Amino acid sequence: MLWIPRYFPGRNLRLRLLWQLYTMHGHRCYSNGKKGRDDEGDGERKHGRDGKGDIFFYKSRGQHILTNPRILDTIVRKSAIKPTDTVLEIGPGTGNLTLKLLESAQKVVAIEIDERMVEVLDQRVAERGFSDRLLVIRKDALRTEFPQFDLVVANIPYGISSPLVIKLVYGTSHFRSATLLLQKEFARRLLANPGDSEFNRLAVNVKLVADVEFIMDVSKRDFLPCPKVDSSVVIIRPKAEVLNVNISEWRAFTRTCFSKKNRTLGATFKQKRKILELLRLSNITGLCNERFVHSIEGDCGSETEDEAECQYSPSLEEGTSLLKERIAGVLKAGGFEDKRPSKLSLEDFVHLLSLFNQAGIFFHDHQNLRNVDSFVDDVA
């Protein structure tokens, strides 16, 4: 990238002309093995310049702007936007993708927390005469309620990919599809199937409610500044019909199963701490008074008085023994004792959860508001 001194006469005009050339011809940044201003690392002062004044792109905040017009056009085309659609864009940055979305959609709702980016975005949109069709929400995408929309098309900041995908597919908004530009490794996790090395809880949770289609890979050289890894474009389409499960129970169940995804389920459900947790949630013996709950919420290996009683209480021993027998019976009856989560299909997980619930074993605390699933804190 051509470097112009900060106080060079006519600098802003020259940079604006350069930016127009870069965006028209797909400016790329190539690494020659030497550290420069755009690839020195992820610290707060490591940045790129977008050619429009003094905007800094912070790598540590996931600010990597897609500049290749061919890729931008493909993303918009594959999204199948209708002229009547409202498109939700998360993290629009300086608006390269936003402008193309505005050419196809009736309205774009852009969520951007960085005021510097919003200023540039507003200016570029105004210059194109699209201001009346753009709504900018200056908030954190993970902590704000989305307005009504038809599609999601976005270059997602890497650091929030997992909770954001879960928020979209498990949220209350009904949408047709989400075309997302994601870190390549993360996209592979979304696309993974049982038996694949990338298969994990994220894939299972998403597959329950949506289908994921791979579109294309995108080189890191198509971004400014260049990230360290390549990216991929995927389309997520919510399923018309979802298997009948309690979502909170499902997510707590898969969290337990994938705590060690290559460990057998028999071994996972023999852990003492897990047995105590499930005993409290399932309340098999009716022993869950307030004192009992507090005692087994902690680490029963500590030396506090309540937890010492927890260790040696005859009623607790009776409860844990009964629960172990029920868990072993469920796993054996379903043929899951020697199975590993990384090898199980979606249908296998749904069937196993059903067997547990039928046996009175539950994974989600419906009475404790502190345990309600959070899109931000309970990542896939």
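Good morning. I begin with a single side chain: arginine 143 counts as exposed, at 63% relative accessibility. The model I am presenting is a predicted one, and every value I quote was computed from it.

Which residue does arginine 143 meet in a salt bridge? The partner is aspartate 140, with 4.0 Å from N to O. Aspartate 140 has a relative accessible area of 30%, so it is classed as partly exposed. For those new to the subject, side chains of opposite charge can pair when their charged atoms come close.

Aspartate 140 also has a neighbour from another part of the sequence. Isoleucine 113 sits in the loop between β5, residues 107–111, and α4. Although 27 residues separate isoleucine 113 from aspartate 140 in sequence, their C-alpha atoms are 5.7 Å apart in space. If we set aside residues up to four places away in sequence, isoleucine 113 touches Lys139 and Asp140. Isoleucine 113 itself counts as exposed, because its relative accessibility is 56% and the cut-off for exposed is over 50%.

Let us now turn to a second salt bridge. Aspartate 122 pairs with arginine 138, and their closest N and O atoms are 3.3 Å apart. Aspartate 122 belongs to helix α4, residues 115–127, whereas arginine 138 lies in the loop between β6 (134–137) and β7 (151–155); the pair therefore ties together parts that are 16 residues apart in sequence. Both partners are partly exposed: aspartate 122 has a relative accessibility of 30%, and arginine 138 has a relative accessible area of 42%. This pair does not stand alone, for Glu115, Asp122 and Arg138 are linked in a network of salt bridges.

A third example joins lysine 184 to aspartate 217, at 3.8 Å from N to O. Here lysine 184 is in helix α6, residues 184–191, and aspartate 217 is in strand β9, residues 210–218, so the salt bridge ties together parts that are 33 residues apart in sequence. Lysine 184 is partly exposed at 30%, and aspartate 217 is partly exposed at 37%. How many salt bridges does a search of the whole structure find? The search finds 11.

I now move from charged pairs to a helix. Is helix α8 largely enclosed or largely open? Of its 11 residues, numbered 247–257, 8 are buried, so helix α8 is largely enclosed by the rest of the structure. Among the buried residues are Trp250, Phe253 and Cys257, and the charged residues Glu249 and Arg251 are buried as well. The elements that cover the buried residues of α8 include α5 (161–170), α7 (201–209), α9 (265–268), α10 (272–282) and α14 (346–358). At the start of α8, a side-chain oxygen of asparagine 246 comes within 3.1 Å of the backbone nitrogen of serine 248.

Finally, let me place these details in the whole chain. The protein chain has 14 helices and 11 strands. Of its 380 residues, 49% are buried. Among contacts with a separation of 6 or more, 69% are between residues 24 or more positions apart. The accessible surface of the chain is about 19,100 Å², and carbon and sulfur atoms account for 49% of that surface.

To close, I would ask you to keep two pictures in mind: the network that links Glu115, Asp122 and Arg138, and helix α8, largely enclosed by the rest of the structure. Thank you for your attention.

Conventions. Residues numbered from 1 in each chain as written. Predicted model: local features only at pLDDT ≥ 70, side-chain atom pairs only at ≥ 80, totals over all residues. Heavy atoms only, no water. Salt bridge = Lys/Arg side-chain N within 4 Å of Asp/Glu carboxyl O. Helix = DSSP H or I, 4+ residues; strand = E, 2+ residues; numbered from the N terminus. Buried < 20%, exposed > 50% of the residue type's maximum accessible area, 1.4 Å probe, protein only. Contact = heavy atoms within 4.5 Å. Polar contact = N/O pair within 3.5 Å; in protein donor to acceptor, adjacent residues only side chain to side chain. Areas by Shrake-Rupley, 256 points an atom, 1.4 Å probe, with all protein chains shown as cover.
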